[in-house]
Amino acid sequence: MTTTTHDNHSAFLLSLPNIYSQSPISCCVFSRTMVSGAIALAFLPLVLTFIIRYRYYFVLFYRAVLVRMWYDCTTGLSREERAFQYVLTHAIPGDPESILETFDLWCSKVEFISNIGPKKGKIMDRMLSEHCPLTVLELGSHCGYSTVRIARALPLGARLYSVEMDAINAAIAEKIIRLAGFDDDTALEGSGLLGKGSVVLADNVLFPGAPNFLRHVRKSGLYEWKIHRATLEYSKGIRDGMAELVYQGIK
């Protein structure tokens, strides 16, 4: 009995070195895991802060790029054509306010499109009301939203000239203008449209930005100007602005 107990005790003692020899390796792996977890936790507040700070840009990228790519592939239509189809089927023909409200709804809930929008549009509405221009030149009709917004605010007998480089967008703009009940003539007179006191309103000068345009305005000495601070149309948290220029004539 005594011998057997001694042998078992010895066997137990002999096995101990094997256990202790593995412990440092296990501890090392466990320590590395803890360090990696600690590093991840340390960066988590920074990542969350970045996401929160730039969340509106992520939303804009999703709506303006990813959603557009998806609909481009699935519908075979351009974004502007999709907007027109929505306005055509949901707005009241001959009612400019209905056209604009339907446009705003589509841009807010369906796809993003860079119209002037209702908030910055009110700045333009106020300027048109203050100056009561008889001639307005719009450079960039896009799909006709701002054209309709301007036309509805002009006094009787005023003329609006709108120019659009993209042929497809120009065709859509003409359809939108007709749908709103306005003349679809978008021809541009060759001269005499910009005289002393003419007011120019430029959108999106801060985002995406128009540095060359603003640089010209500052250096030319031809304008009195100011920037109206606002946010990007149909989006929150992204700063944008509109430039109001008053042409002083060539000195």
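**Entry 1: surface and burial.** I began with the surface of the chain, which exposes about 15900 Å², with carbon and sulfur atoms supplying 62% of that area. I note here that I am working from a predicted model. I then looked up burial, and found that 33% of the 251 residues of the chain count as buried.

**Entry 2: elements.** I went through the secondary structure next and found nine helices and five strands in the chain. Reading from the N terminus on, I wrote down the order of these elements as α-α-α-α-α-β-α-β-α-β-α-α-β-β. I also looked up how the contacts are spread along the sequence: among contacts in the chain with a separation of 6 or more, 68% are accounted for by residues 24 or more positions apart.

**Entry 3: nonpolar cores.** I kept in mind that nonpolar side chains tend to be buried together in soluble globular proteins. In this chain, the largest nonpolar core has 34 residues, and those with the most contacts inside it are Val87, Ile99, Phe103, Ile150 and Ile176. I looked up which helices supply at least two residues each to this core, and listed H2 (55–75), H3 (79–90), H4 (96–109), H5 (117–131), H6 (145–151) and H7 (167–180). Helix H4 gives the most to this core, with five residues. I also found a second, separate core of eight residues, which includes Val205, Val217, Ala243 and Tyr247.

**Entry 4: Ile176.** I returned to Ile176, one of the residues with the most contacts inside the largest core, and asked which residues Ile176 touches when those up to four places away in sequence are not counted. The list I obtained is Phe84, Val87, Ile99, Phe103, Cys143, Gly144 and Val148.

**Entry 5: H3 against H7.** I then examined how H3 and H7 pack, and noted an angle of about 15°, with their axes 10 Å apart. Angles under 35 degrees count as roughly parallel, and H3 and H7 are therefore roughly parallel to each other. The crossing in which H3 passes H7 is left-handed. On the H3 side I recorded Glu80, Glu81, Phe84, Val87 and Leu88 as making the contact, and on the H7 side Ile168, Asn169, Ile172, Lys175, Ile176 and Leu179.

**Entry 6: Arg178.** Last, I looked up Arg178, which is found in helix H7. Is Arg178 buried or partly exposed? Its relative accessibility is 44%, so I entered Arg178 as partly exposed. I also checked Arg178 against Pro93, 85 residues apart along the chain, and found that their C-alpha atoms are separated by 8.7 Å.

Note on methods:
Residues numbered from 1 in each chain as written. Predicted model: local features only at pLDDT ≥ 70, side-chain atom pairs only at ≥ 80, totals over all residues. Heavy atoms only, no water. Helix = DSSP H or I, 4+ residues; strand = E, 2+ residues; numbered from the N terminus. Buried < 20%, exposed > 50% of the residue type's maximum accessible area, 1.4 Å probe, protein only. Contact = heavy atoms within 4.5 Å. Areas by Shrake-Rupley, 256 points an atom, 1.4 Å probe, with all protein chains shown as cover. Core = buried A, V, L, I, M, F, W, Y, C linked by side-chain atoms within 4.5 Å. Axes fitted to C-alpha atoms, helices over the stretch in contact; angles between N-to-C directions. Parallel < 35°, antiparallel > 145°, perpendicular 65-115°, else oblique. Left-handed = near helix turned anticlockwise from the far one by under 90°.
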